[in-house]
Amino acid sequence: MIARSRDGDPGAAEEESQKGEEHRPDDGGSTKKLRGMRRWVAGVLPSLRLRLVVVFALVALTAAVSASGIAYWLNRDAVLTRAQNAALNDFRKSLEDNAGNLPSEVECAQLREAADRMAGTTQNYEVLVTGQSRDRGSCAAASSEDDFTLAHVPASLRKAVDKRRTVDSANRHPYHLYWQRITIDGNPFLVGGAKVIGEEPTPTGYMLKSLAPERDDLNSLAWSLGIATGLALLGAMLLAQAAATTVLRPVRRLAQAAKQLGEGRLDTRLKATGSDELAELSRTFNRSAEALEARVAELSAREESSRRFVADMSHELRTPMTAISAVTEVLEEEQENLDPMIAPAVQLVVSETRRLNDLVENLMEVTRFDAGTARLVLDDVDVADQVTACIDARAWLDAVELDADRGIMARLDPRRLDVVLANLIGNALKHGGSPVRVSVRTETPQPGDAEAARLVGAPAQEPQRELVIEVADRGPGIPEEVLPHVFDRFYKASAARPRSDGSGLGLSIAMENAHIHGGWITAHNSPEGGAVFSLRLPRDAHRVAGGEMEGEADDAESSSRRRRRDGAESGDGGDGE
Amino acid sequence: MARVAFLLLIEDDDAVRTALEMGLTRQGHRVVTAASGEDGLKLLREQRPDLIVLDVMLPGIDGFEVCRRIRHTDQLPIILLTARSDDIDVVVGLESGADDYVVKPVQGRVLDARIRAVMRRGERESSDSATFGSLTIDRSAMTATKNGEDLQLTPTELRLLLELSRRPGQALSRQQLLRLVWEHDYLGDSRLVDACVQRLRAKVEDVPSSPTLIRTVRGVGYRLDAPQ
């Protein structure tokens, strides 16, 4: 097949590749199985400590059980063999001594006498002697008729004992001594038997020796080995526990440190002592944290410096801008008297200076928000008056339909409200075309409004009615993909919605101004068509934003002013009532 | 029509000084300029201008200090040139005795409007007087006396007192006062009113920290009452 595929048979190659693919699921299956097992282990033994203990215990158990087992079996063998050999040798000798000289035809009484004599040795076994009696045929005589009868001797043993073997150079005797271990009533016994060698028929002797003492010895040995195994297991588990503690303490410290690092405490370091793997891990952690801290510091320093650069730059631009602005006004007033060739140029300079002025103003405003130095100058105002004045000041009265009742009072920064309104209405006029509808009303914030709660920052406070100013245009609306970005800085939407004012900061500044009041702006498309911007502000910005802003006493002058002002106001409160 | 104002412009940046001088001269004012606070104070003593336009950022003694030193001896109107980014500047400037401020980059028209508004504050209009406890306001002489002693009030402070005294017992909002006294539009900075009220209280009240004449009406503004 390989040769065929070398020949360039595409079918074969395809077959190969198919085969290859057939194999893959198998591999996947095995890795999956492995992964499944790992998951199972992780599920059953969820903690590293438990796993360590289990592994230690398993190792200890295996070692102890195999050692005890080997020791037990060796001992058992030795003990049994020794007892057995002693008994059998003794039996053999005693048989020879007592039954060897019996005549081939004996009386049963003679056999019993021989059996009693044989049993009278130190080895303490029962003896049964069988022989051919002259009168009654075969006769069996035991040292103890109750404990040992021929029925106790297994038939196989009797057969082996009685079996006559041919005598040759390898086998010098026709009969041998045979033995077997048996159990009678649950007690172990050794039973052995031999035929006396001589002129047939010769008597056969059997012995029965109790192995109970050996069994008891072995049992007590097994018990001690079992206890030793148990102790070893316990010791291993304690050791595992200790090992787990020493291993896991640094691991826990590491986890704690990693958590702190994640929470932004980049100066978190571990104490790394020793030269083991965990110490190495701690050192690696420290190096990583150090590198991370350095990187973050570098990035924030870079960001800080670029912000400061923008702030300084816009600041620096202000002085020449002041000079230029003052002069352009002079130029503007002189326009009619100028050469018609030069007048358009002057006009361009004047209008572009104004744009540049706005841009610098906006830039400075943005840098103030970024640096957190923007402050509210609060006053109690009639919102309808403010909106009307804002529209009036920009000559938008004809293009705006105002739906606002006088008498809605709010405590806010009038200049910032004007910035927001001018941006929203200006934006609507530019992109939606007139007429733009502006409506002012108050609403109780919906309790479910998470963003409201977050921005107002006081869900526990009594619900304060909020001010809602909606600016709706009749234009084509905002494309869905642009909607999330309308408040981004310098976000250029499609050509259909160009930033004709050129600053690209207007809506972003409007949003920042709403935020500093503790309010926010949302944009959506109305079902009837056209974009709707909703400005929501708390009725009293002081309670929300002002309170926290005045909390930052960052310079002596402002705090002294506040003290004086507060003193004055509290004094007034006293005499007012 | 107001008479031609004689201005002292203290500004260290040559370009800004030249441009503003040019613009203000074109608006019909007579302008002398100084490049530092020390020069400005010297010119003030020599030339006795009607009004000072003062840059905050000056080499040597800064605008605030110049303002404070002028207030020791003189009650002439001072307009600060400041930057809105330095909100503290505005507050410190108003506390050191400035009557008004203009944010840089300055538009010549705005500055001119402010100058004219400040100049108008010193003009007399009616010829009656009003008394609030120990305080007597003589509208024909444009003076205020306390226990018979003349009070040293700046034109702005005097105008604020006049506007309040014209509606005794009636609370005036800060925005109303900004329109009446400073001739600012709807975006007037309420801190101007607060700072001026503080200065006025320091001069007319027996105990400035617990005023009995000019009282704060919480959520509205200020009112002038005869003490009970």
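## Where the chains meet

Two residues count as being in contact here if their C-beta atoms, placed from the backbone, lie within 7 Å. Keep in mind that this is a predicted model. With that cut-off, 41 residues of chain B are in contact with 41 residues of chain A.

So who does the touching on the chain B side? At least two residues each come from α1 (14-26), α4 (87-95), α5 (108-120), α7, α8 and β11 (214-217) of chain B. The top contributor is α1(B), which puts seven residues into the side of chain B that touches chain A. By residue class, that side of chain B splits into 15 nonpolar, 13 polar and 13 charged residues.

## Chain B as a whole

Zooming out, chain B has eight helices and twelve strands. It runs to 228 residues, and 48% of them are buried. As for how the chain folds back on itself, take the contacts in chain B with a separation of 6 or more: 55% of those join residues 24 or more positions apart.

## A hairpin in chain B

One spot to zoom in on is the pairing of β6 (residues 129-132) with β7 (residues 135-138), both in chain B. These two strands run antiparallel and are held in register by four bridges. One of the bridged residues is T131(B) in β6(B), whose partner in β7(B) is T136(B).

The hairpin has two residues between its strands, and G133(B) in this hairpin takes a positive phi near 65°.

## Two non-glycines with positive phi

If you scan the backbone torsions, two residues are worth a look. In chain A, D185(A) has a positive phi of about 55°, and it isn't a glycine. D185(A) sits in the loop between β3 (178-184) and β4 (187-195) of chain A. Is this residue buried or exposed? D185(A) has 5 other C-beta atoms within 10 Å, so it counts as exposed, the cut-off for that being 12 or fewer.

Over in chain B, E183(B) is also not a glycine and has a positive phi of about 60°. Its place is the loop between α7 (174-182) and α8 (190-204) of chain B. E183(B) is classed as partly exposed because 17 other C-beta atoms lie within 10 Å, and a residue needs 20 or more to be called buried. The helices on either side of that loop, α7 and α8, are both among the elements that supply at least two residues to the side of chain B that touches chain A.

Definitions and conventions: Residues numbered from 1 in each chain as written. Chains lettered and ligands numbered in written order. Predicted model: local features only at pLDDT ≥ 70, side-chain atom pairs only at ≥ 80, totals over all residues. Pairing = 2+ DSSP bridges. Nonpolar A, V, L, I, M, F, W, Y, C, P; charged D, E, K, R; others polar.
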